[in-house]
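Me: I am new to reading structures, and I would like a close look at one part: the place where the ligand sits. Could you walk me through the surroundings of the ligand in one go?

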Amino acid sequence: MLAESLQKVIGDFIRRHDSDAGELVLNAPDCWQVDGRFRLVDGHYRLRNLSLGDEENLCRFGQQLGEHSREMFCPYPWSDAEACTQAFRRAVAQSLKKIDASYLLEHEGNPFGHFFLWKAGGNPLSQRTGLEIPELGVAIADSYQEKGFGGLAVRILQTVAVSLKADAIELTTAATNDAGWQAYQRAGFEYVGMIRIPLEVDVTAADLGHVTATRFRTERHMVYLISTAKRDDVMRFLKGKHA
Ligand SMILES: CC(C)(COP(=O)(O)OP(=O)(O)OC[C@H]1O[C@@H](n2cnc3c(N)ncnc32)[C@H](O)[C@@H]1OP(=O)(O)O)[C@@H](O)C(=O)NCCC(=O)NCCS
């Protein structure tokens, strides 16, 4: 089911992007084993899970984010190289342990996109209220932005969350982040309210008290509802975080 849905999402993107593009070759028995390859006019692209040894690729990816992008996308402590290496190690481990569904998009081997659903394998916090709600993060390298890849990444993550039977996806985005706001609204996310979040850490781990943050920011809190029948419960859970 995941493979079929991803085939459609990525196939639609390819056709919109480049009508002469080659076929997508996709292997995706589940969201923990995704490998998709396609060709656009400017070369070969690959979508794959964050895997063993990808710490270096996360570093290469981070080097392609300018100051503004780093400020908007800060699950990692960009200004502290040593702490960043630790955080990349943790991100890879969380992907391998099937806790976070985490991905890279590569162009000719260059990792230019990174996106994830924290706690896709089960979110102990939302489970306390009988809900499964992973948290979304996404960034595209500066020189690849505004070409549709961010929208594609969000749709891939929505497809992954549906395949995992999640009830909803939550995210936060800085009040000044027009690109993020547009991309999320276009993908069907709705605004829930403003929320104070920890920066430079896994927000879901901070919610559970597993890590401690030193920087915080008040951001827009958004949700993409999957189980519409659970709308009231999802909203109650999310708004409960605003206090
Ligand atoms: C946010 C981000 C992921 C969007 O990815 P992208 O590849 O640039 O966006 P897309 O080309 O897929 O465009 C998605 C939508 O956002 C709009 N958009 C993109 N950049 C925009 C900008 N700078 N200002 C306003 N709207 C913008 C597009 O027009 C498109 O809407 P449309 O379908 O109505 O045309 C990307 O800009 C990014 O990585 N930014 C830095 C990190 C970041 O902010 N991450 C999100 C943290 S919450």
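Reply: Here is a walk through the ligand site, starting with the ground rules.

This is a predicted model, in which local features need pLDDT of at least 70 and side-chain atom pairs count only at pLDDT 80 or more, while totals for chains, interfaces and linings use all residues. Residues are numbered from 1 along each chain as its sequence is written, and side-chain values use heavy atoms, with hydrogens and water left out.

Let's begin with the space itself. The ligand sits in the largest pocket. A pocket here is an open set of points on a 1 Å grid over the protein atoms alone, where a 1.4 Å probe fits and protein lies on both sides within 12 Å along at least five of seven lines. To "sit" in it, a molecule must have more than half of its atoms within 2 Å of the grid points. The volume of this pocket is about 970 Å³, counted as the space filled by probe spheres set on points joined across faces, edges and corners. Its lining has 47 residues, and Val138, Ala139, Ala179, Gly180 and Tyr184 are nearest the centre; a lining residue has an atom within 4 Å of a point.

Now move in to the ligand. A shell of 23 residues surrounds the ligand, with Ile140, Glu146, Gly148, Gly151 and Asn177 coming nearest; a residue belongs here if one of its heavy atoms lies within 4 Å of the ligand. By class, the shell has 9 nonpolar, 10 polar and 4 charged residues, with Gly counted as polar. Helix H7 (178-186) is among the elements that supply at least two shell residues, as are helix H6 (149-163) and strand S6 (135-140). H7 gives the most, with 7 residues. Helices (H or I, at least four residues) and strands (E, at least two) are DSSP runs, numbered from the N terminus.

Finally, look at the polar contacts, which are pairs of N or O atoms within 3.5 Å. A backbone N or O atom of Gly148 is 2.7 Å from a ligand oxygen atom, and a polar backbone atom of Gly150 lies 2.8 Å from an oxygen atom of the ligand. Arg186 uses its side chain instead: one of its polar atoms there is 2.9 Å from a ligand oxygen atom. The ligand taken alone exposes 910 Å², of which the protein buries 76%, by the Shrake-Rupley method with a 1.4 Å probe.

Definitions and conventions: A polar contact is a pair of N or O atoms within 3.5 Å; within protein, one must be able to donate a hydrogen and the other to accept it, and residues adjacent in sequence count only if both atoms are side-chain atoms.
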